[in-house]
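Here are my notes on this model, point by point. Please read them with the structure open.

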Amino acid sequence: MWNSVPVIDWIAKEGRLIEDANAFLDQLMTRINAQGFHIARMCCSMETLHPQVAV
């Protein structure tokens with residue numbers, strides 16, 4: 001079982017201050033892997049509306 005507390009603490013204290021998304025994800029995965037929850041790949045995406053679609 002992996003301990004998520006150090007990762008959550010890092011996000012709340014230091015991680016939230018990282019402005020570059022790639023740097024944040026890189027450090028996040030490093031910290032998660034260090035806690036024993038091994039992740040080989042990660043994808044981050046966000047839904048957006050097409051600019052020509054009227055809402």
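1. A definition comes up front: a residue is buried under 20% relative accessible area, exposed over 50%, and partly exposed in between. F37, with a relative accessible area of 38%, is therefore partly exposed. Bear in mind that this is a predicted model.

2. Overall shape. The chain has two helices and zero strands. Its radius of gyration is 15 Å, well over the 10 Å that the globule rule gives for 55 residues, so the chain is more spread out than a compact globule. Along the principal axes, the C-alpha atoms fill a box of roughly 45 × 25 × 20 Å.

3. Surface and burial. Of the 55 residues in the chain, 11% are buried. The exposed area comes to about 5000 Å². Carbon and sulfur atoms supply 56% of that area.

4. The core. Which residues make up the largest nonpolar core? There are five: V7, W10, L28, M29 and I32. Helices α1 (5-13) and α2 (21-34) each supply at least two of them. The largest share, three residues, comes from α2.

5. V7 deserves a closer look. This core residue touches W2, L28, R31, I32 and Q35, leaving aside residues up to four places away in sequence. Two of these partners, L28 and I32, belong to the core as well.

6. Aromatic pairs. The count comes to two. One is formed by W2 and F37, and it is tilted: 4.9 Å centre to centre, with 35° between the planes. W2 lies in the segment before α1 and F37 in the segment after α2, so this pair ties together parts that are 35 residues apart in sequence. W2 is partly exposed, at a relative accessible area of 31%. F37 is also partly exposed, at 38%.

7. The other pair is formed by W10 and F24. Stacked or tilted? It is stacked, with 5.6 Å centre to centre and 20° between the planes. W10 sits in helix α1 and F24 in helix α2, 14 residues apart, so the pair links distant parts of the chain. W10 is buried, with a relative accessible area of 5%. W10 also belongs to the largest nonpolar core.

8. L25 and the stretch after α2. L25 lies in helix α2. It is partly exposed, with a relative accessible area of 22%. Not counting residues up to four places away in sequence, L25 touches M42 and C44. L25 and C44 are 19 residues apart along the chain, and their C-alpha atoms are separated by 8.7 Å.

9. Cysteines. How many disulfides does a search of the whole structure find? Zero. C43 is in no disulfide, and the nearest cysteine sulfur, that of C44, is 7.1 Å away. A disulfide needs the two sulfur atoms within 2.5 Å, so the 7.1 Å between the sulfurs of C44 and C43 is too far for a bond. Both residues are exposed: C43 has a relative accessible area of 69%, and C44 has 58%.

10. To recap for the discussion. The largest nonpolar core draws on both α1 and α2. The W10 and F24 pair also links α1 with α2. The W2 and F37 pair ties the segment before α1 to the segment after α2. L25 in α2 touches M42 and C44. No disulfide is found anywhere in the structure.

Notes
Residues are numbered from 1 along each chain as its sequence is written. This is a predicted model: local features need pLDDT of at least 70, side-chain atom pairs count only at pLDDT 80 or more; totals for chains, interfaces and linings use all residues. Side-chain values use heavy atoms; hydrogens and water are left out. A nonpolar core is a set of buried Ala, Val, Leu, Ile, Met, Phe, Trp, Tyr and Cys residues joined through side-chain atoms within 4.5 Å. Buried means under 20% relative accessible area, exposed over 50%, partly exposed in between (1.4 Å probe, protein chains only). Helices (H or I, at least four residues) and strands (E, at least two) are DSSP runs, numbered from the N terminus. Contact means heavy atoms within 4.5 Å. Rings of Phe, Tyr and Trp (its six-membered ring) pair if their centres lie within 6.5 Å; planes under 30 degrees apart count as stacked, over 60 as edge-to-face and the rest as tilted. The radius of gyration is taken over C-alpha atoms; the globule rule is 2.2 Å times the number of residues to the power 0.38. Accessible areas come from the Shrake-Rupley method with a 1.4 Å probe; for residues, only the protein chains shown count as cover.
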